[in-house]
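Biologist: I'd love to go through the rings and charges here with you. Could you show me the model and tell me how each label is earned?

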Amino acid sequence: MFHDIDHHSSSSLKKATNDMGLWCLSYLPPRFREGTNAAMARGTATEFGVEVGLQGNEFVDPAEEAVKKFNELTALGVDGEARDKERANIPAMVEQGLEALKDYGPPSQTQERIEIKLDGVQLPIMGYTDFTWDTKGEVIDLKSTTRLPSAITAPDRRQGAIYKKAKGNHAMKFLYVTPKKVGFYELEDCTQDLEEVRQTAIRVERFLALSDDPEVLRSFVIPNYDSFHWNNPATREQGRKVFGY
């Protein structure tokens, strides 16, 4: 265990890859948890709506439930214009997702906890899958987006590699939904992606082993304030307190 960190996740490793300053803010004491933003809340709400719809209850409107979830998640601290824009995307995204999965029926599991160990990595890597169909032998991760990618993105490939290793013979698929169309892609050979996960985790652990003092570790990194992740005023202010500028 390093600095009371007892596992890695695809999201923490993604953050380390993109911005070690932000990673330090999130995972080193005193830990600062970023609040949600409109796009993040839209993703969570869309996934929730699709999950509701897959249960097949004709008396429940999946899109309405998704919008309710979004409103709950964004009740505080989310810019009004961005909130309205993303809320408007949700019903069509839920509809697109359910149309793509109409032949699947209710999933065997949602938010299944998984864990893997990789050579040379001391801590386990954990995560939660979106939808699992054991009868079909498939795991599907749902991504809502306003721009449809033509293939699985690099960060998603690394996330999928973790899930695929954990689930053995299950196929790993990504369903990208926009308000107008979807992209459905299967992750096949992910050997290189898993190696990237392994190497990133090793380097994070080497970084953590440099010092028992979080302040010393923070002094080694440069926060990328140009990244949109720092747009939240509370996050930016915490960065100024922690990094001194």
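Modeller: Happily! This is a predicted model, and a good place to begin is Lys173, whose charged end sits over the ring of Phe184.

Biologist: What makes you say that Lys173 sits over the ring of Phe184?

Modeller: The charged end of Lys173 is 5.8 Å from the ring centre of Phe184, and the cut-off for distance is within 6 Å, with a further condition on the angle to the ring normal. Lys136 is placed over the face of Tyr104, 4.8 Å from the ring centre. Phe184 and Tyr104 belong to one aromatic cluster with Phe131 and Trp133.

Biologist: Why is the pair of Phe131 and Trp133 called tilted?

Modeller: By the pairing rule, there are 8 aromatic pairs. For Phe131 and Trp133 the centres are 5.9 Å apart and the planes meet at 35°, so the pair is tilted: stacked needs under 30 degrees and edge-to-face over 60. Both residues are buried, too. Tyr176 and Tyr185 make another tilted pair, with 5.9 Å between centres and 50° between planes.

Biologist: How do you know that Tyr176 is buried?

Modeller: Its relative accessible area is 3%, and buried means under 20%, so Tyr176 is buried.

Biologist: And why is Thr235 called buried?

Modeller: Thr235 has a relative accessible area of 1%, so by the under 20% cut-off it is buried. Thr235 is in helix α9, residues 233–243. Leaving aside neighbours within four places in sequence, Thr235 is in contact with Leu22, Leu25, Phe32, Glu34, His229 and Trp230.

Conventions
Residues are numbered from 1 along each chain as its sequence is written. This is a predicted model: local features need pLDDT of at least 70, side-chain atom pairs count only at pLDDT 80 or more; totals for chains, interfaces and linings use all residues. Side-chain values use heavy atoms; hydrogens and water are left out. Rings of Phe, Tyr and Trp (its six-membered ring) pair if their centres lie within 6.5 Å; planes under 30 degrees apart count as stacked, over 60 as edge-to-face and the rest as tilted. Buried means under 20% relative accessible area, exposed over 50%, partly exposed in between (1.4 Å probe, protein chains only). A charge sits over a ring if NZ of Lys or CZ of Arg is within 6 Å of the ring centre and within 35 degrees of the ring normal. Helices (H or I, at least four residues) and strands (E, at least two) are DSSP runs, numbered from the N terminus. Contact means heavy atoms within 4.5 Å.
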